Amino acid sequence: MSEPRVRRAEIAIEQAHVDTVYTRLAELRAQAEAMRTKGYEIGHGAGREAIFEQASMLFERDMMVYHANQTLQTLDAEYEGLVFGRLDHLDEEHIYVGRLGIRDAEFDNLVTDWRAPAAAAFYQATAEEPMDVVRRRVIRCSGQNVLDVDDDVLIADAVPETMQIVGEGALMAALGRSRGEKMRDIVATIQKEQDEVIRAPWRGVTEITGGPGTGKTAVALHRAAYLLYRHRRQLGGAGVLVIGPSGVFTSYISRVLPSMGETNVELRALGEVLDGLEATRQDAAPLAAIKGSLRMRKILLRALRDTPEDAPEDMKIVYRGEVLRLNARELDKVRRKVHTAGGPPNRSRIRAAELLLDALAAKAEQHAKDDGRQIDKAELITELGERIEFHQFLVVWWPILYPAQILRWLGTEKRLASAAKGLLNRAEISMLAADFADRSRGWTIADVALLDELRVLIGPPPKRRKGRQSIEVNPERGGAPTRPEHYDEYSHVVVDESQDLSPMQWRMVGRRGKYASWTVVGDPVQSSWPDPAEAAMARDQAFGLKTTRRRFTLRTNYRNSAEIFDLAAKVVAGHAEADELPRAVRQTGITPEVRPVEASGLEAATQAAVKELMGVVEGTVGVITAMDRVPEVEGWLDGLSDERLKVVGSLDSKGLEYDAVVLVEPNDLITESTTGRRVLYVALTRATQQLTVLASNPDWIPAA
């Protein structure tokens, strides 16, 4: 039976059990409501004397009502995602794990509370210490509906022939059932190397590296769940933050580890790290390289110290019949003095007022000296400082600043050129200014780190009496824990696809983890960032003073067939050492197909390849193309509407996998990125079964 059919059949099995659980839940709720009603009826209508005589009865009533209300509150609170796991043991017994323990009318166990000792294996069992668990299944639900299941195989050679395995665990089961000793050795190696990472100490920084298909993400997520269970006192209160490259990643997390739906774990894509903003659009590689560089911090700092666009260029105020005036040069001198003090501008208005008054007093003293008079400086400052016209000038000349506002200022090329002097060349300034000037498509993922940097540099605006101030949009996030805005006290931070974080993004993430331990997942060979040395420096600064660092490398690729990975390895060979590439252990006998096509026939060739693969595989078919060609390719496939078909850009394909892939114009992927063949390497390793490459130019394949 094919994998999609197996998955559907297993979902149906789990749905039947979940239906039973919710039926029983409804019965328990009805019983609790009946108990509460009965409790209210006890002593109803009794007079004052009866109350004293029936004190015992009334106490019983109060306890019944209290207990019933507590039961109803618990049942209602744990309704969503009630069942999220299943453990199948060596003795063929199985238990379901959920947010609440529930027994049927005969007191047989329907769901085991995740906090109970019997459920501990759901978090603690590993391949090294499986705790008699053959299969650990994650069940993803929405309300009462089972959406998906995903299995881990912990004792591969004990999987019964009748047990169906879904997800990545299916490969482990197949390898475990193999009669060859070599395959059994591979299973043990895969499980042991992953288990060591999962159980590593929680303090300090744990780095997980490895090529495509080595299970880095799954290991990191299981590590997070393991740490939360074993060290809940240290980690649970402050919370765990998990950051991935995209919303697809966070969706994947919720599927694999539904226990992370607890309020002490927060899941965010890079474009969502800053409260109040959700960016999904990618910049072109040259523009992203500018925005991500540490040069941008200096540019932003200069920009926020510049005179605001609408600030008045001179100040006039009358004191005792005499006009005191500060011209543009004098006002600029005062502004520089305020910024020299180093405080954030939004917390420096009082200092700005003081220096303005000092400058006005100096003017008055000079005039008095020229006329042979004397003035009382303290009296002048007190009087002018209370004037409404002074405060009206101040709020315009030293306004409250907002991050989005400053980036828009930099859309003026002249203003950006001033801030970027000595840091960017003319072409870079023109490119960046044009981008900041056009916000019609919203912010990009790279912009989020700049906005967060500005948030810190300018300081928070004054609090409003109602609502919360954010960048531009409502900061409330559905499903996220209720924490202060820009919360930075997480106890543990997990970062996936870390090789792609720019230096500015590392600064943003580092602010959230200044008190945290870290799990960092990545593969340098897949990096799309052009300056790894600068990124490494920013990453180390993000980790702070944490001296304990450990590094694990996963070396076995069990996503791709050996035939597919051999092609990917050939493409990236000149950009990676041999020991940086994983070893693919699965052979299918199906060689990737490379089809030469004319550029003019690319549309028809794509349609034909997609139709062919959709007829061969029952699972998903991904069409990967250059980022700027995604709308075009989507248009080619408008007539092939199928939920199994996905069109995705090269950068957005990271972390994803498909049963079959059509890769359109590999040379486009090389030329669109500053890291060239590394991005193509990623795209070539998304397929688990079949790969078809459509190319009008053969230069993407290195000469033998």
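**Exercise 1. Determine in which hand helix 13 passes helix 14 in this predicted model, and how the two axes are oriented.**

Solution. In the predicted model, helix 13 passes helix 14 in a right-handed crossing. To describe the orientation, take helix 13 as residues 349-370 and helix 14 as residues 377-385, which pack at an angle of about 130° with their axes 10 Å apart. Angles over 145 degrees count as roughly antiparallel and those from 65 to 115 as roughly perpendicular, and helix 13 and helix 14 are therefore oblique to each other.

**Exercise 2. Identify which residues make the contact of helix 13 with helix 14, and sort them by class.**

Solution. Helix 13 contributes Leu-357, Asp-358, Leu-360, Ala-361, Ala-364 and Glu-365, while helix 14 contributes Lys-377, Leu-380, Ile-381, Leu-384 and Gly-385. Sorted by class, this contact of helix 13 with helix 14 holds seven nonpolar, one polar and three charged residues.

**Exercise 3. For Gly-210 and Lys-216, decide whether each is buried or exposed, and state what each touches.**

Solution. Both residues belong to the positions, Gly-210 through Lys-216 and on to Thr-217, at which an unreviewed UniProt entry places the feature "binding site". Gly-210 is found in strand 7 (residues 205-210), whereas Lys-216 lies in helix 7 (residues 216-230). Buried means under 20% relative accessible area; Gly-210, with 7%, is therefore buried, and Lys-216, with 11%, is buried as well. Setting aside residues up to four places away in sequence, Gly-210 touches Lys-216, Gly-522, Asp-523, Gln-526 and Leu-554. With its neighbours within four places likewise left out, Lys-216 is in contact with residues including Ile-208, Thr-209, Gly-210, Gly-211 and Val-521.

Technical notes:
Residues numbered from 1 in each chain as written. Predicted model: local features only at pLDDT ≥ 70, side-chain atom pairs only at ≥ 80, totals over all residues. Heavy atoms only, no water. Axes fitted to C-alpha atoms, helices over the stretch in contact; angles between N-to-C directions. Helix = DSSP H or I, 4+ residues; strand = E, 2+ residues; numbered from the N terminus. Parallel < 35°, antiparallel > 145°, perpendicular 65-115°, else oblique. Left-handed = near helix turned anticlockwise from the far one by under 90°. Contact = heavy atoms within 4.5 Å. Nonpolar A, V, L, I, M, F, W, Y, C, P; charged D, E, K, R; others polar. UniProt positions renumbered as here; feature names shortened; annotations may be inferred. Buried < 20%, exposed > 50% of the residue type's maximum accessible area, 1.4 Å probe, protein only.
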